[in-house]
Structures are given as C-alpha cells and as structure tokens.
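Student: Can we go through this one together? I'd like to start with the charged contacts and then move around.

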Amino acid sequence: MTINEIQDEIIEDFTALDDWMDRYQLLIDLGEEQPALPEADKQDQNLIDGCQSRVWLVCDQKDGFLTFRAESDALIVKGIAALLVKVLSGHTAQEILDADLYFIREIGLNEHLSPTRSNGLLAMVKQMRMYALAFSVKQ
C-alpha cells in the first residue's frame, strides 16, 4: 500500500468515530497493539528530543525500505507513534521524505492534542524524516 492509501484508511477509521473520547481510545488501542521494544533498544540514543513523554524510535533499513519501531511510556503518545509507524514503515527513504502527512490534519489530531503532545508529534515526524534523509544520503 502507498503512504496515501494508508493515510486514507486511518482517516476513514477515525472519522467513523464522532466523539473525541472514542478517538482517544482508538489511539490507546493502536498503541497497545504495538509490540514492545526490547530493552536493548530503549537507550538514550533512541529517545526523541522534544517529547515530554519518553519515546523511543528505532529505524531499520532492508532492501531499500525503512521500518520503524516505537514505544512510549504514555498511552496516547504510544498510539500516535503507532500511527506514524503504520504510515511510514515499509517505504523508501524518498517516499518518506516526499510524503505529505495529511492524515494528522484530516483526523483533527493537531487540534485535539495538548501543546506538549503536539510538540512530541512534530518531534517524532522530524526524527523519522531525519532517518529517511540519512538513509537516502547513504545510497
């Protein structure tokens, strides 16, 4: 699936829920579905700067495709990380760099997060793009 097809699915899932409490619950459920990171990956070098919660992000590259894994000690933030992992994993560095992450705007996530969570979201996106940039330069 393309990045836009995945975003469109997420938009459909979230817009089917009218109440923001239900949307928060969906975020929490998505985060709980994510496999836990091994303790070896929970190192300072994998922590994202700019997040109030602790968020670890790991990126692997295989055959030109990037795979992200993430975990957070906060439930909603873990769900946000799960959404970003779902959208961006399995794509090339260039696809990630070129992506317009419009699902954030379309589901109203940017409007319904606290300022600190919004900063964390931006920090996660920035770090994922930095990984993509680093891998694209290596190639």
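What follows is a chat about salt bridges, strands and surface patches in this predicted model.

Student: How many salt bridges does a search of the whole structure find?

Tutor: The search finds 6 salt bridges. One of them is between the side chains of Lys42 and Glu71, at 3.2 Å from N to O.

Student: Where do Lys42 and Glu71 lie?

Tutor: Lys42 is in the loop between α2 (20–33) and β1 (55–62), while Glu71 is in strand β2 (residues 65–72), so the pair ties together parts 29 residues apart in sequence.

Student: And is Glu71 buried or exposed?

Tutor: Glu71 counts as buried, because its relative accessibility is 9% and the cut-off for buried is under 20%. Lys42 has a relative accessible area of 24%, so this residue is partly exposed.

Student: What does Asp73 pair with?

Tutor: Asp73 forms a salt bridge with Arg54, and their closest N and O atoms are 3.6 Å apart. Asp73 sits in the loop between β2 and α3 (75–88) and Arg54 in the loop between α2 and β1, so this salt bridge ties together parts that are 19 residues apart in sequence. Arg54 is partly exposed, at 46% relative accessibility.

Student: Which residue does Asp100 meet in a salt bridge?

Tutor: Asp100 meets Arg105, with an N to O distance of 3.7 Å. Both ends are partly exposed: Asp100 has 43% relative accessibility, and Arg105 has a relative accessible area of 45%.

Student: Which residues are joined into one network by salt bridges that share partners?

Tutor: Glu39, Lys42 and Glu71 are joined that way.

Student: Switching to the strands. How do β1 and β2 run, parallel or antiparallel?

Tutor: β1 and β2 run antiparallel, joined by 8 bridges. As one point of register, Val55 stands opposite Ser72 in β2.

Student: How many residues are between the strands in that hairpin?

Tutor: The hairpin of β1 and β2 has 2 residues between the strands. Asp63 lies in the loop between β1 and β2, and its phi is near 55°, a positive value in a residue other than glycine.

Student: Is Asp63 buried or exposed?

Tutor: Asp63 counts as exposed, because its relative accessibility is 67% and the cut-off for exposed is over 50%.

Student: OK, surface next. Which residues gather in the patch of negative charge?

Tutor: Glu5, Asp8, Glu9, Glu12, Asp13 and Glu106 gather there.

Student: Which helix gives the most to the negative patch?

Tutor: Helix α1 (residues 3–15) gives the most, contributing 5 residues. Asp13 has its place in helix α1, and this residue is partly exposed, with a relative accessible area of 42%.

Student: What about nonpolar side chains, which residues form a patch on the surface?

Tutor: Met130, Leu133 and Val137 form a nonpolar patch, and together they have about 290 Å² of accessible area.

Student: Where is Met130?

Tutor: Met130 is in helix α7 (residues 115–138). Its relative accessibility is 44%, so Met130 counts as partly exposed.

Student: Back to the start for a second. Which strand holds the Glu71 end of that salt bridge?

Tutor: Strand β2 holds Glu71. Strand β2 is also the one that β1 joins through 8 bridges.

Notes: Residues numbered from 1 in each chain as written. Predicted model: local features only at pLDDT ≥ 70, side-chain atom pairs only at ≥ 80, totals over all residues. Heavy atoms only, no water. Salt bridge = Lys/Arg side-chain N within 4 Å of Asp/Glu carboxyl O. Helix = DSSP H or I, 4+ residues; strand = E, 2+ residues; numbered from the N terminus. Buried < 20%, exposed > 50% of the residue type's maximum accessible area, 1.4 Å probe, protein only. Patch = residues over 30% accessible without salt bridge, like charges linked within 9 Å, V, L, I, M, F, W, Y side chains within 5 Å. Areas by Shrake-Rupley, 256 points an atom, 1.4 Å probe, with all protein chains shown as cover. Lys, Arg positive; Asp, Glu negative; His and termini not counted. Charge placed at Lys NZ, Arg CZ, Asp CG, Glu CD. Pairing = 2+ DSSP bridges.
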